[in-house]
Amino acid sequence: MLTKEENDLLCRVEGDAPMGQIMRRHWLPACMIEEVAEPDCDPIKVRLCGEDFVVFRDTNGQLGMLDEQCPHRRASLVFGRNEDCGIRCLYHGWKFDVNGNAQELNSEPVETGLLKKMKTRSYPVREAAGFVWCYIGPAEEMPEFEDPVFKPEPNTRVSIAKYKVPVNWAQILEGAIDSSHSSTLHSSDMVPARVASAEANEQLWLRPSTDKSPRLYSQRTPFGFRYAAVRRPIQNAQTHDYIRTTLFVAPYTVLIPPNNNYKVVIMHVPVDDENTDFYFLAFGDAATTPGTEEWRKFLHAQVGIDVDEEYRSYRTFENNFKQDRQAMKLGNFTGIPGIPNQDYVMWLTMGKITDRTKEVLGQSDLAIVEFRRQMVEAAQSYQKNGTVIGRTEPHIPLNKLRSFEGVAPKTTDWRVAGLSQEELDVRGLSAPATSAAE
């Protein structure tokens, strides 16, 4: 349970809120590359931590991210013309390049010299792993851009599903680190089976356990924390455990346990206090990782079918989230197809920012308690001395981090199962522990 003051520290990201200031000091996903794929494409609006921006790709293919409002009379550049290597405001024709430099000021006489002086604020952007990444914090504190956790190799396939979710970022992220709920809420999609380890096919995720009450353990790390959900396996339960290790990579990413075909990561990017850009990704070898449309179809997150062109779900309170009660009678647990859709309903029914003072937590909420404790402490630490969680030493390259799942002997130490050599080195360990299912 959090106090109201602690809840605000955890959730609020607008203005001078410390959590928002922490977010601003990390590289953030502004949008997917596919949203601004072509030169002179339609500009798009991006909102992060309560601030509004415009993102566009110019005639030469360069990306730009500027303040949304034109510096002249504050009209939106999102509705401007993207042409001839710049974005032109419709109101008076003022035009700016990707670096924010004024190219034309149609309404101003040339002799004023204003053209040479005029500039709007631009932001550093990078393209990587299917995303346009941006930095919106103080320039003097900008970290070097590095490949994200879901780009371990140059040829890694990355498939992205996107939702715009009208609730606070923290309660969405808490769902990603809540291992116990998957055995209930997602029980029609994550099905127990006599398999050696987690498997995925076109319809289901299969698990080698029927255990709905995992034992939970957590451990803080330089990047956030990792935690394990340990269950009884269907086979060899007397001698083995089924271990699923999840990573919280501060401040907004969760790397969940993989399956036999691909790995999964979730990003929870604060739009403002009450809205979040939610990205659910599959990544891995191109031979076994689903392509983008295949992935979205599996999740029931296809544009024009499940979400609109702005990635807003067609499932709403007004249509009861299209819940199929007949399907429930026939055996489907939720009557809602698609793993993220099931979560979506739970998030929205909790309110825009859930009141954590009224919760009753249990042992299964260990990871959630750790997340709240760590992030509230991070906000307090930022207020006190400017420390930014996720940017302290020792640093482990993001794309060297690993989650883990597998059936292993009870003697296996979950804290080192599946770690990359880079993380083992940081922790002073000489060799990886057993990480393969037996």
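Here is a short walk through a few parts of this structure, which is a predicted model.

Let's start with the cysteines. A disulfide needs two cysteine sulfur atoms within 2.5 Å, and by that rule the count here comes to zero. Take Cys-70: the closest cysteine sulfur to its own belongs to Cys-89, and at 4.1 Å that is too far for a bond. Cys-70 is also buried, at 2% relative accessibility. Cys-41 tells a similar story, since its closest cysteine sulfur sits in Cys-31, 8.8 Å away, again too far for a bond. With a relative accessible area of 13%, Cys-41 counts as buried because the cut-off is under 20%.

Next, find strand β19, which covers residues 263-272. Nine of its 10 residues are buried, so you can think of this strand as mostly covered. It has β18 (residues 253-256) as an antiparallel partner, joined to it by four bridges. One of the pairs to look for is Val-254 with Ile-266 in β19. Six residues lie between β18 and β19 in the hairpin they form. β19 also runs antiparallel to β20, with nine bridges joining the two. There, Val-265 has Leu-281 in β20 as its bridge partner, and just two residues separate the strands of this hairpin.

Strand β20 turns up again at helix α7 (residues 339-349), where it is among the elements covering the helix's buried residues. Others include β11, α4 and α5. Nine of the 11 residues in α7 are buried, including Ile-339, Tyr-344 and Trp-347. After the helix comes Gly-351, with a positive phi near 100°.

How values were computed: Residues are numbered from 1 along each chain as its sequence is written. This is a predicted model: local features need pLDDT of at least 70, side-chain atom pairs count only at pLDDT 80 or more; totals for chains, interfaces and linings use all residues. Side-chain values use heavy atoms; hydrogens and water are left out. Buried means under 20% relative accessible area, exposed over 50%, partly exposed in between (1.4 Å probe, protein chains only). Contact means heavy atoms within 4.5 Å. Two strands pair if DSSP finds at least two bridges between them.
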